[in-house]
Amino acid sequence: MEVTYYGHACFSVKTKGKQLLFDPFVSGNPLAKAIHPDDLLSDVILVTHAHGDHVSDLETVAHRTKALLISNYEIVSYYEKKGLKGHPMNIGGKVQMSWGTVKSVSAIHSSEFADGTYGGNPGGFVISNDEGTFYVAGDTALTMDMQLIPKTCPPLDFAILPIGDNFTMGLDDAVLAAGMIECTTIIGCHYDTFGYIEIDHQYARKAFADAGLQLLLPAIGETITLSTHG
Ligand code: NI
Ligand code: MN
């Protein structure tokens, strides 16, 4: 699987010939000035919650690419009213798509659109197919529910976890999360974008290495290929 980091919590994962785009937000990211929303490819857009730093480029990208939006019921309903096509889910449910299984898993956070519309419960996703399995946590605290993931999903090849603290888990809690989800390859996200979430990179690498974990912090715009066993 090929993972491209677009900054903050915006990633694309190429698998089974499809581009899965998560939490499209680049035009408002001061660190992602080199990335334009037109650079974002998507066959499917998956959104974890309604905060602006996860959805601000969603409409632009979805109108251009005609991607299917997968998110919670409230977020899908909100965008269907604006003419996008979506597949609604809710926590604990899974759906089989042609390119893989999507499971909606819990996150502890909040979810509200910039215009004040209720954005449903925040969540994360576990995506699984014969190329591998990965977890996108979304914005979340460390939560005991993470222990359910290895009990209910195929073994994870990698996970994308927030590490920036203040609004989500910080580094030390993310190390504990990696243990709960039984995954040793972690891609960090939701850090450095603005002042509240700046991290010490040296401490980050050491905290993960000391726990026997690999922390990947790709540059914005960088694509990494992750070995997966399916
Ligand atoms: Ni958020
Ligand atoms: Mn956020």
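Select His 109 first: in this predicted model, the residue is partly exposed, with a relative accessible area of 24%. That value does not count as buried, because buried means under 20% relative accessible area.

Next, display the nickel ion (ligand 1) together with its protein donors. These are His 49 (NE2), His 51 (ND1), His 109 (NE2) and Asp 139 (OD), which lie 2.2 to 2.3 Å from the ion. The angles subtended by the four donor atoms run from 87 to 180°, and the arrangement is therefore irregular. Along the sequence, the donor residues follow the spacing H-x1-H-x57-H-x29-D. Now colour the loops that carry two of these donors. His 51 belongs to the loop between β4 (44–46) and α1 (52–55), whereas His 109 belongs to the loop between β8 (100–106) and β9 (123–129); the pair therefore ties together parts that are 58 residues apart in sequence.

Add the manganese ion (ligand 2) to the selection. The distance between the nickel ion (ligand 1) and this ion is 3.0 Å, and Asp 139 coordinates both.

Proceed to the open sheet of seven strands, whose order is β6-β5-β4-β3-β2-β1-β14 and whose pairing is mixed. At its edges stand β6 (86–89) and β14 (223–225); each has a single partner strand, so one side of each is left without a neighbour in the sheet. On average, neighbouring strands of this sheet are turned by 20° against each other, direction ignored.

Within the sheet, select β4 and β5 (residues 68–72), which run parallel and are joined by three bridges. Val 44 has Leu 68 in β5 as its bridge partner.

Finally, select helix α3 (residues 73–80), which lies across β5 and β6 and runs at about 140° to β5.

Note on methods:
Residues numbered from 1 in each chain as written. Chains lettered and ligands numbered in written order. Predicted model: local features only at pLDDT ≥ 70, side-chain atom pairs only at ≥ 80, totals over all residues. Heavy atoms only, no water. Donors = N, O, S within 2.8 Å, 3.2 Å for Na, K, Ca; no water. Tetrahedral: all angles 85-135°; square planar, octahedral: opposite > 155°, others 65-115°. Helix = DSSP H or I, 4+ residues; strand = E, 2+ residues; numbered from the N terminus. Buried < 20%, exposed > 50% of the residue type's maximum accessible area, 1.4 Å probe, protein only. Pairing = 2+ DSSP bridges. Axes fitted to C-alpha atoms, helices over the stretch in contact; angles between N-to-C directions. Contact = heavy atoms within 4.5 Å.
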